[in-house]
Amino acid sequence: MHIWVDADACPAVIKDILYRAAERAKIPLTLVANKLLRTPPSPYIRALQVPRGIDVADSHIVRELAAGDLVVTADIPLAADVIAKGGHALNPRGEFYSPENIQERLALRNYLDELRGTGERTGGPAALDTPTASASPTSSTASSPGKSAEYNARCMKWELNKNSLFAILLRSPWWVSALAAIGLVVA
């Protein structure tokens with residue numbers, strides 16, 4: 001598995017989380033952007049600068065993506081391409097794009113784009129705040145509905161905000177081993 005990041009608009013706090021995750025889990029992480037990016041020294045982390053242009057970074061990610069790879073992006077058309085190629089797409093706020101929801105998201109995006117084209121002000125997503133993107137070291141609400149008390153006690157060592165990247169990853173069995181490797185889940 002490989003993690004790809006559409007890094008031009010990815011918040012710094014999310015990049016920092018991904019750097020730590022890649023290093024601890026020993027998973028390759030590639031940040032793709034049309035500007036020079038500084039990354040921590042690591043054999044698992046690399047930054048790739050692509051030429052400026054519309055969707056150049058997106059095209060590179062889709063071209064290099066293998067089935068099963070994870071792409072972190074807020075770009076809905078890129079997420080649709082990733083899903084079509086058999087990858088997994090996650091936005092920086094921790095919401096998975098899926099075959100079930102991507103068409104609805106594309107339709108809404110296109111509708112809002114048309115409205116903006118007529119001069120309508122549609123706004124955008126709220127700013128990403130630090131508490132949403134990070135975990136706090138308490139465990140008072142760290143239970144999972146439908147799971148045993150033993151599972152909850154063993155698996156949760158951090159209280160995670162429902163919208164955080166790692167909270168979403170934690171709900172996916174596909175990521176449990178990676179999260180155990182980076183210390184967010186006690187194996």
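Confidence in this predicted model is mixed: pLDDT averages 74 over the chain, and 65% of the residues score at least 70. Strand β2 (residues 29-33) comes out best, with a mean of 96, while strand β7 (residues 135-136) sits at the bottom with a mean of 36. Two further stretches call for care. Residues 149-164 have pLDDT below 50, although the model still gives this stretch 44 contacts beyond near neighbours in sequence. Residues 181-187 also stay under 50, with 23 contacts beyond four places in sequence. Where pLDDT is low, predicted coordinates shouldn't be read in detail.

As for the overall layout, the chain holds 8 helices and 8 strands. Of its 187 residues, 40% are buried. Among contacts with a separation of 6 or more, 47% link residues 24 or more positions apart. The chain exposes about 10500 Å², and carbon and sulfur atoms supply 54% of that area.

Nonpolar side chains in soluble globular proteins tend to be buried together. Here, the largest nonpolar core counts 19 residues, and Ile3, Val5, Leu29 and Leu31 have the most contacts inside it. Two or more residues apiece come from β1 (3-6), α1 (12-25), β2 and β4 (70-72). The largest share, 6 residues, is down to α1. There's also a second, separate core of 18 residues, with Val50, Ala57, Val71 and Leu106 among its members.

Helix α1 itself runs to 14 residues and spans 20 Å from its first C-alpha to its last, close to the 20 Å expected at 1.5 Å a residue. Its buried residues are Ile14, Lys15, Ile17, Leu18, Tyr19, Ala21, Ala22 and Ala25. An α-helix has 3.6 residues a turn, so residues three or four places apart point the same way. In α1, the buried set includes Ile14, Ile17, Ala21 and Ala25 as well as Lys15, Leu18 and Ala22. Right after the helix comes lysine 26, with a positive phi near 55 degrees.

Further along, asparagine 101 sits in the loop between β6 (96-97) and α4 (102-117). Asparagine 101 counts as buried because its relative accessible area is 17%, below the 20% cut-off. A polar atom of the asparagine 101 side chain lies 2.7 Å from the backbone nitrogen of serine 98.

Definitions and conventions:
Residues are numbered from 1 along each chain as its sequence is written. This is a predicted model: local features need pLDDT of at least 70, side-chain atom pairs count only at pLDDT 80 or more; totals for chains, interfaces and linings use all residues. Side-chain values use heavy atoms; hydrogens and water are left out. Helices (H or I, at least four residues) and strands (E, at least two) are DSSP runs, numbered from the N terminus. Buried means under 20% relative accessible area, exposed over 50%, partly exposed in between (1.4 Å probe, protein chains only). A polar contact is a pair of N or O atoms within 3.5 Å; within protein, one must be able to donate a hydrogen and the other to accept it, and residues adjacent in sequence count only if both atoms are side-chain atoms. pLDDT is the predictor's confidence in each residue, from 0 to 100. Contact means heavy atoms within 4.5 Å. A nonpolar core is a set of buried Ala, Val, Leu, Ile, Met, Phe, Trp, Tyr and Cys residues joined through side-chain atoms within 4.5 Å. Accessible areas come from the Shrake-Rupley method with a 1.4 Å probe; for residues, only the protein chains shown count as cover. The expected span of a helix is 1.5 Å times one less than its number of residues.
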